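Biologist: Please take a close look at one buried position in this structure, and then place it in a connected account of the parts described with it. Which parts are enclosed, and how do the two chains meet?

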2 protein chains.
Amino acid sequence: MSKNTSGITVKKSEDFSEWYTQAIIKSELADYTDVSGCIVFRPASYQIWEKITKIVDEKFKKEGIQNCYFPLLIPEKLLSKEKEHVEGFSPEVAWVTEAGDSQLAERLAVRPTSETIMYPSFSKWIKSWKDLPLRLNQWNNVVRWEFKHPIPFLRTREFLWNEGHTVFATKEEAEAERDTIIGIYEDVVENYMALKGLIGKKSEKEKFAGAVYTVSMEYLLPNGKAIQGPDFHHDGQNFSKAFEINFLDKDEKKQYAYQNTFAITTRMLGVMLAIHGDDKGLVIPPKLAENKVVIIPILFDDSKEKIIKVANEIKKELKKFNPKLDDRDDYSPGWKYHEWELKGIPIRLELGPKDLEKNQVVLVRRDNSEKKEIKIKDISKEVESTLEKIQENLFIKSEKHLKSSLVEAKNWNDFKTALSNKKIVLAPFCNKKDCEEYIKDKTKGGKSLNIPFSQQKIKEPCIHCKKEATVMCYFGKSY
Amino acid sequence: MSKNTSGITVKKSEDFSEWYTQAIIKSELADYTDVSGCIVFRPASYQIWEKITKIVDEKFKKEGIQNCYFPLLIPEKLLSKEKEHVEGFSPEVAWVTEAGDSQLAERLAVRPTSETIMYPSFSKWIKSWKDLPLRLNQWNNVVRWEFKHPIPFLRTREFLWNEGHTVFATKEEAEAERDTIIGIYEDVVENYMALKGLIGKKSEKEKFAGAVYTVSMEYLLPNGKAIQGPDFHHDGQNFSKAFEINFLDKDEKKQYAYQNTFAITTRMLGVMLAIHGDDKGLVIPPKLAENKVVIIPILFDDSKEKIIKVANEIKKELKKFNPKLDDRDDYSPGWKYHEWELKGIPIRLELGPKDLEKNQVVLVRRDNSEKKEIKIKDISKEVESTLEKIQENLFIKSEKHLKSSLVEAKNWNDFKTALSNKKIVLAPFCNKKDCEEYIKDKTKGGKSLNIPFSQQKIKEPCIHCKKEATVMCYFGKSY
């Protein structure tokens, strides 16, 4: 393999889509399959997803949320029980209609989400206030047969996620869960994935099919397009009424329960990789990197043995960072630098004969290419503090990238201009579905992202319809 | 709820099927759904599955096997590539034929197993001997639309499993993996699930569709029926030739690779629960029990406060066993005993006013109902050693149950009698497919289980056809 075929052939700033695809595929994180829109999560990406799930799962469990598993296939009559829900999902449902040689009596949906298969069980299990709260979660796969152009991780017809489904006796208890869950997602996204996002409520048009309201976390891709991350839906009694999830309260009165759902998906892998990567390839945040360090010995015939020996000692010393030692004979150091840069390992340690003489290695940061000579005796401490700096730097860069693109619009012209300049625009908004439809049409795809919780005073009317604005809302072009 | 409705209403020895269903459902481990043959894994069973996957997964990773994720849906043309494989699976495939309002151009199989979606990628990735071995694994869900009567865990149309798929340059390397993998499964089944099984090669008729040979672990249910547990398949070059998984060896010659696959499934939850349970309900092996201890304070008005206080201190002391403290006011101690016996918690600690006077608790073992008064100061040590004894006892009982049913048959009459007496029969066998078909017919379902690795000298001809026997093979009635 020569550098030309293994490296990325376009600049991220010039052709983001092509850069992204090459970065993901050439680094061996994902691959296409014969099923359009469905990808392979190769070990290098699945490892990251496993880390994310572990972090989130532990926090869910601490909260008292328990894991379970419901069937993949949902009978059509169940999927249709909540009107808005079925309207939202049915255009994207993959249907099983045959088994073996037989035609099925009823079509079975491959779950696009599991409300309609879980809630008949909830209805059966919940009889009394003593059975509440019920807080369940699944880590599974779902299928949404979108007809838009698929992109690895960012838009795939099958993806992996958690789906939390919780049931409470009162609205207050249900809503009190919101900040906890958003806090868990915010922690993993900010402190592990090193990404800054916008948190707020979705507009009436963009909320989840069946929810009373949706809280979302929105991210800005390098091409100026916004993309939705984890979300939390408060469903009120919409599903509990459709599925008869009711209970006798302490006064023996029948009450309908209040419900929430929430999710983080493998799409976030794509968001993370897209935002942190550069022209050389991926940059994996240290806390999620399987191998946090790669050691590259620079081999010459006369010093080879000694260099390899010291490289192995360093590997042992750095064990807790799970270092890779690339001692392959048939590749040049330069080739190896490129390969591991492509794959995004946070720190490279170079060790040549001259370094050895000085009892040092050259440490190279993946995020900013900074080089530093460090004494071998200090190596563990230096690696540790550098990893922290990289993690921090990635988050700060992500925050800057987001904040530098936020603008506020007071009139329609500014609004349109900002959107076409790929900005995220905060604007006064009536939060009516029709008005948002018009905005989308007239701006060629401008969409509300979310409505920040801390609202400033609204001084102007709705940016589009000029009627009363009820919220200040973020808009952007979305992926 | 009265005892009559919540407890199990039949004896395990009198009606195993009904006992099993009641034990699984009433203990809240599983529930039926509106999709026939697909169950809910409620938290109490999913927790056990999570523990099993964690134990196995850690061992796979230590071995260098990496996790990944391939698509759920497999195009029909790929499923058909290996002839025996498609013949084996197609009668049970659930087919997606529609998406949204569209008819798909090609049917997509919901994976019954993933060889045919994974191996086109393997073919693409593997070019040189340097790319080998490739050792991948997935933890996922599969669907096999069996038309036999479904039973929770033991036979479900969707189940969870691991599927290991490994590729090696040589037959020797591939086969060397066998003992490692079987060893990992044996460890989790014997030392955690506390089950003894029979390990050996499947017959020619019963091996995996597409394999050169299959190694299986077989278990004996309380009703005398045998059931297959984890398995390992050596596929030789069958799939590598069908899917063009080849590579240039060190001499630049094209070679086809050698492959293995292996799996453990959620069926094992059913096997474990069926074997260890008794008339009172489930018995969960201590190493897999989420809560290893339940503390039941016996409450009277005058001592209630003090008892609850001490019970809480004990709970704290026993923290590492994740104890439950059942201090509910509205249930009698007797009711609580029954409930936690039904759910299979290994140790019950009873604490009443008289115990408190003597600074003791009454410890009750779930596996044999043994009661013992222990001093509160010794509680942690006593619980620990009792849990070990329970774990050991369950395994010994399971081993006795298996061994007491093994017989050897020298002639056809003995063979038939033993099978109809629900024994597992070791018999000389020609290992021909037709002969096994006849055996199955003539014994109303007698089936080969497996062929033990350590073979005694074969002195007789085949138990059925009287031609030369090539192996001593276990036969049984199977689930």
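**A buried serine, a strand and an interface**

Modeller: Ser398(B) has a relative accessibility of 4% and therefore counts as buried, the cut-off being under 20%. The model is a predicted one. Ser398(B) belongs to helix α13 of chain B, which spans residues 379-403. Leaving aside residues up to four places away in sequence, Ser398(B) is in contact with Ala194(B), Leu195(B), Lys196(B), Ile275(B) and His276(B).

Burial also marks a strand in chain A. In strand β18 (residues 360-365) of chain A, six of the six residues are buried, so the strand is largely enclosed by the rest of the structure. In a regular strand, side chains alternate between the two faces of the sheet. Here Gln360(A), Val362(A) and Val364(A) point one way from β18(A), while Val361(A), Leu363(A) and Arg365(A) point the other way. Both sets are buried, with Gln360(A) and Arg365(A) among them.

The pairing of β18(A) can be followed strand by strand. With strand β17 (residues 347-351) of chain A, β18(A) pairs in the antiparallel sense over four bridges; Leu349(A) has Leu363(A) as its bridge partner in β18(A). With strand β19 (residues 371-375) of chain A, the pairing is antiparallel over five bridges, and Val364(A) stands opposite Lys371(A) of β19(A). β18(A) and β19(A) form a hairpin with five residues between them. In the turn, Ser369(A) has a positive phi of about 65 degrees.

Strand pairing also occurs between the chains. Strand β5 (residues 94-99) of chain A runs antiparallel to strand β5 (residues 94-99) of chain B, and five bridges join them. Within this pairing, Glu98(A) stands opposite Trp95(B) in β5(B). Glu98(A) also forms a salt bridge with Arg107(B), where the closest N and O atoms are 2.5 Å apart.

That salt bridge belongs to a wider contact, to which chain B and chain A contribute 57 residues each. The area buried between the chains is about 4,500 Å², and carbon and sulfur atoms give 58% of it. Between chain B and chain A there are eight salt bridges, and 28 residue pairs are in polar contact across the interface, both residues being at pLDDT 80 or more. On the side of chain B that touches chain A, the residues divide into 33 nonpolar, ten polar and 14 charged.

Definitions and conventions
Residues numbered from 1 in each chain as written. Chains lettered and ligands numbered in written order. Predicted model: local features only at pLDDT ≥ 70, side-chain atom pairs only at ≥ 80, totals over all residues. Heavy atoms only, no water. Contact = heavy atoms within 4.5 Å. Buried area = accessible area lost by both parts, 1.4 Å probe. Salt bridge = Lys/Arg side-chain N within 4 Å of Asp/Glu carboxyl O. Polar contact = N/O pair within 3.5 Å; in protein donor to acceptor, adjacent residues only side chain to side chain. Nonpolar A, V, L, I, M, F, W, Y, C, P; charged D, E, K, R; others polar. Pairing = 2+ DSSP bridges. Helix = DSSP H or I, 4+ residues; strand = E, 2+ residues; numbered from the N terminus. Buried < 20%, exposed > 50% of the residue type's maximum accessible area, 1.4 Å probe, protein only.
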